[in-house]
Amino acid sequence: VYPIMKRIVSLILACTASLGMLTGCGSTPLTEKDSGKLKVVTTIFPEYDWASNIIGDLKNNYDLTLLLDNGVDLHSYQPTTEDIMKISTCDLFIYVGGESDAWVSDALTEAVNKDMKVINLMDVLGSSVQEEKIVPGMEEETEDSEETQETNDIEYDEHVWLSLRNASVICGAIKDALCAVDPANADVYGS
């Protein structure tokens, strides 16, 4: 049942994003890109905070957006049509990756800005991402036995931002991406 639900949710998101783009064609207000600001969209607060600190004094040159509000669980988050539009037109999109962000691939296929830089934290960290471990107090996922037999994929711990070593690597990737979208200020991000 779970893979079917993922497909249905993905189809609904794609249709919603397409409909949103079509209805937005009638009258488009001045966007931040039109005002000369570079747009950065992040899914969770640590990414937002790191990007904000790396941007530093150049904050007026950016429209920095945090998608998940306080109290919203990353694991159950579903983007709104407005969120999909923000992602679609941004210059830099930063997200965690992993199973909780399965919706991202559909959002990126609908992207209007084909020059967008994308940072998937789990991809940046590569083989250093740890396999998820069930510890006391955690609820194990229960799956149908058929489904379990079909997919014995390893689940990786999506909480990669909790490690200082990982944070250092991720901040380096954010700095590099900001240098790519704003080469005129690359020396500022490097300092």
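For what follows, a disulfide is a pair of cysteine sulfur atoms within 2.5 Å, and by this rule the chain in front of you, which is a predicted model, has a count of 0 disulfides. Two of the cysteines can still be placed: Cys90 counts as buried because its relative accessibility is 0%, under the 20% limit, whereas Cys171, at 21% relative accessibility, counts as partly exposed.

Let me turn to the overall layout. The chain holds 8 helices and 4 strands, and along the sequence these follow the pattern α-β-α-β-α-β-α-β-α-α-α-α. Of the 191 residues, 37% are buried, and the accessible surface comes to about 11,600 Å², with 53% of that belonging to carbon and sulfur atoms. If we take the contacts with a separation of 6 or more, 73% of them are between residues 24 or more positions apart.

Now to the strands. Strand 3 and strand 4, the latter covering residues 117-120, run parallel and are joined by 4 bridges, and Tyr95 stands opposite Asn120 in strand 4. Together with helix 4, these two strands make a right-handed β-α-β unit.

Next, the interior. The largest nonpolar core has 37 residues, and those with the most contacts inside it are Tyr62, Leu67, Phe93, Ile94, Trp103, Ile174 and Leu178. At least two residues of this core come from each of several elements, among them strand 1 (38-42), helix 2 (45-55), strand 3 (92-95) and helix 7 (164-181), and helix 7 supplies the largest share, 7 residues. In soluble globular proteins, nonpolar side chains tend to be buried together.

Which residues does Tyr62 contact, leaving aside its neighbours within four places in sequence? They are Lys37, Leu38, Val40, Ile55, Leu178, Val181, Asp182 and Tyr189, and one of these, Leu178, is itself among the core residues with the most contacts.

I would like to end on Leu67, which lies in the loop between strand 2 (62-66) and helix 3. Is this loop residue buried or exposed? Leu67 is buried, because its relative accessible area of 6% is under the 20% limit. Not counting residues up to four places away in sequence, Leu67 touches Val41, Thr42, Thr43, Tyr77, Asp83, Lys86, Ile87, Phe93 and Trp103; of those partners, Phe93 and Trp103 also appear among the core residues with the most contacts. Finally, Leu67 and Thr80 are 13 residues apart along the chain, and their C-alpha atoms are separated by 9.4 Å.

Conventions:
Residues are numbered from 1 along each chain as its sequence is written. This is a predicted model: local features need pLDDT of at least 70, side-chain atom pairs count only at pLDDT 80 or more; totals for chains, interfaces and linings use all residues. Side-chain values use heavy atoms; hydrogens and water are left out. Buried means under 20% relative accessible area, exposed over 50%, partly exposed in between (1.4 Å probe, protein chains only). Contact means heavy atoms within 4.5 Å. Accessible areas come from the Shrake-Rupley method with a 1.4 Å probe; for residues, only the protein chains shown count as cover. A nonpolar core is a set of buried Ala, Val, Leu, Ile, Met, Phe, Trp, Tyr and Cys residues joined through side-chain atoms within 4.5 Å. Two strands pair if DSSP finds at least two bridges between them. A crossover is right-handed if, with the strands pointing away from the viewer, the path from the first strand over the helix to the second runs clockwise.
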